[in-house]
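Open the model in a viewer and keep the selection panel at hand. The stops below go from the whole chain to a sheet, then to a helix pair and a few loops.

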Amino acid sequence: MAAGGKGGTGCHPTGADESARRAHSSALGAVAPESPPDRGGRSGGDDLLAAALRYAGYGWRVHPCRPGTKSPRFKWRQAATTSPSTIAAWWRQWPDGNIAICTGLGSLDVLDFDVAAGKPGMATLERLNAAGLLAGAIAVVRTPSGGWHYWFAGSAERNHSLPEFGLDLRAAGGMVIAPPSAVDGRAYEFVERRPPSGVTVDWAAVVELLCPDRRPPNPARARTGVRPFAASPDRRPANLDGLVRWVARQPEGARNDRLFWASCEALRQGASDTVLAELVAAAVAAGLDRRSAENSVQSARNTIHGRSR
């Protein structure tokens, strides 16, 4: 998303820095962990490899960056993987390589609040928190520059940027550097973490709050980046078999939100109840109880088609 807009009123950040700092504590309250957070301290290649393998175990594709930088080692969109053997080989070859996670559907979306060089990311954080748009984040990461990353469930939304607000969205086709990586000798650190919630970034609501003159004409489409098909009794998404296999291999602790993501993807393609039942069956086979699985699918229906369905 480009900065500024054609016509209409200007779109400028507001809010005092001091009140923004006070808001941060309130925002963290929305993601208070159920167990003590991992502070993400860095002590060498073994920690980086262990962290990369842990992220891959959640089903998130990772790849190495050059030590102390955000620069990928290679053409990462094709090469990023969840394969433990490949990841182990990479970090044996580059033990100090930073970890990048591919963002988007099946992984994470990340709101990036930038404060470097006087950028107003903290004031923007305050406004989003006051509007309830940070609730449901699964992690908060302090960045080396003093900014903040809020991690949410991944979606098909595209990457966006509102530079005048010190705000970026890392989503489909993007990547984010993850703890315990470090840049200029300073580490990315978890401040708070909690179990997956299935909550995605409502980017349309973010834009409406910060820049009402840029409000998308079709908010439902803007949230997903895809115009949903109308459901039909015999519609079967082309990638359904892959979605079913993916849901069936999810580890404990990740099954609920992964089923939610897969159901959203199927519903965007007009999947019928019969198709959704296959996803429920796959989640149950993986170890999720049926009631939780059915609730996740219903949440996906609410997200894609609205509460009235």
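Two strands count as paired here if DSSP finds at least two bridges between them. The model is predicted, and that applies at every stop.

**Whole chain**

Start with the full chain in cartoon view. Its secondary structure comes to eleven helices and eleven strands. Of the 309 residues in the chain, 49% are buried. Colouring by contact range would show that, among contacts between residues at least 6 apart in sequence, 75% join residues at least 24 apart.

**The sheet 1-2-8**

Next, select residues 62–65, 98–102 and 175–178. Strand 1 (62–65), strand 2 (98–102) and strand 8 (175–178) form an open sheet of three strands in the order 1-2-8, with antiparallel pairing. Strand 1 and strand 8 stand at the edges with a single partner strand each, so one side of each has no neighbour in the sheet. On average, neighbouring strands of this sheet are turned by 35° against each other, direction ignored.

Now add residues 84–93. This is helix 4, which packs on the sheet and touches strand 1 and strand 2. The direction of helix 4 makes about 5° with that of strand 1.

How many bridges join strand 1 to strand 2? There are four, and the two strands run antiparallel. To see one position across this pair, show His-63 and Ala-100: His-63 stands opposite Ala-100 in strand 2. On the other flank, four bridges join strand 2 to strand 8, again with the strands running antiparallel. Show Cys-102 and Met-175 here, since Met-175 in strand 8 is the bridge partner of Cys-102.

**Strand 2 and its side chains**

Keep only strand 2 and turn on the side chains. In a regular strand the side chains alternate between the two faces of the sheet. Asn-98, Ala-100 and Cys-102 point one way from strand 2, while Ile-99 and Ile-101 point the other way. Is strand 2 largely enclosed or open? Five of the five residues of strand 2 are buried, so strand 2 is largely enclosed by the rest of the structure.

**The cysteines**

Select the cysteines and display the sulfur atoms. A disulfide is a covalent bond between the sulfur atoms of two cysteines. How many disulfides does the structure hold? It holds zero. For Cys-102, the closest cysteine sulfur is in Cys-65, and the distance of 9.7 Å is too far for a bond. The cut-off applied is 2.5 Å between the sulfur atoms. Cys-102 counts as buried at 5% relative accessibility. Cys-264 is also worth selecting: it is buried, with a relative accessible area of 3%.

**Helix 5 and helix 6**

Move to residues 121–130, which make up helix 5. Helix 5 is mostly covered, with eight of its ten residues buried. The buried set is Gly-121, Met-122, Ala-123, Thr-124, Leu-125, Glu-126, Leu-128 and Asn-129. Just after helix 5, pick Gly-132, which takes a positive phi of about 80°.

Add residues 203–210, which form helix 6. Two packed helices are described by the angle between their axes and the distance between the axes. The axes of helix 5 and helix 6 come within 11 Å and cross at roughly 110°. Angles of 65 to 115 degrees count as roughly perpendicular, and helix 5 and helix 6 are therefore roughly perpendicular to each other. Their crossing is right-handed. For the contact itself, show side chains of Thr-124, Arg-127 and Leu-128 in helix 5, which meet Val-206, Leu-209 and Leu-210 in helix 6.

**Loops with backbone features**

Which peptide bond should be inspected for a cis omega? The bond from Pro-179 to Pro-180 is cis, with omega near 5°. Pro-180 lies in the loop between strand 8 and strand 9 (182–183).

Continue to Asp-184, in the loop between strand 9 and strand 10 (186–187). Asp-184 has a positive phi of about 55° although it is not a glycine, and it counts as exposed at 62% relative accessibility.

The last stop is Ala-117, found in the loop between strand 3 (108–113) and helix 5. Ala-117 is not a glycine, yet its phi is positive at about 55°. With 84% relative accessibility, Ala-117 counts as exposed.

Notes
Residues numbered from 1 in each chain as written. Predicted model: local features only at pLDDT ≥ 70, side-chain atom pairs only at ≥ 80, totals over all residues. Heavy atoms only, no water. Buried < 20%, exposed > 50% of the residue type's maximum accessible area, 1.4 Å probe, protein only. Axes fitted to C-alpha atoms, helices over the stretch in contact; angles between N-to-C directions. Contact = heavy atoms within 4.5 Å. Parallel < 35°, antiparallel > 145°, perpendicular 65-115°, else oblique. Left-handed = near helix turned anticlockwise from the far one by under 90°.
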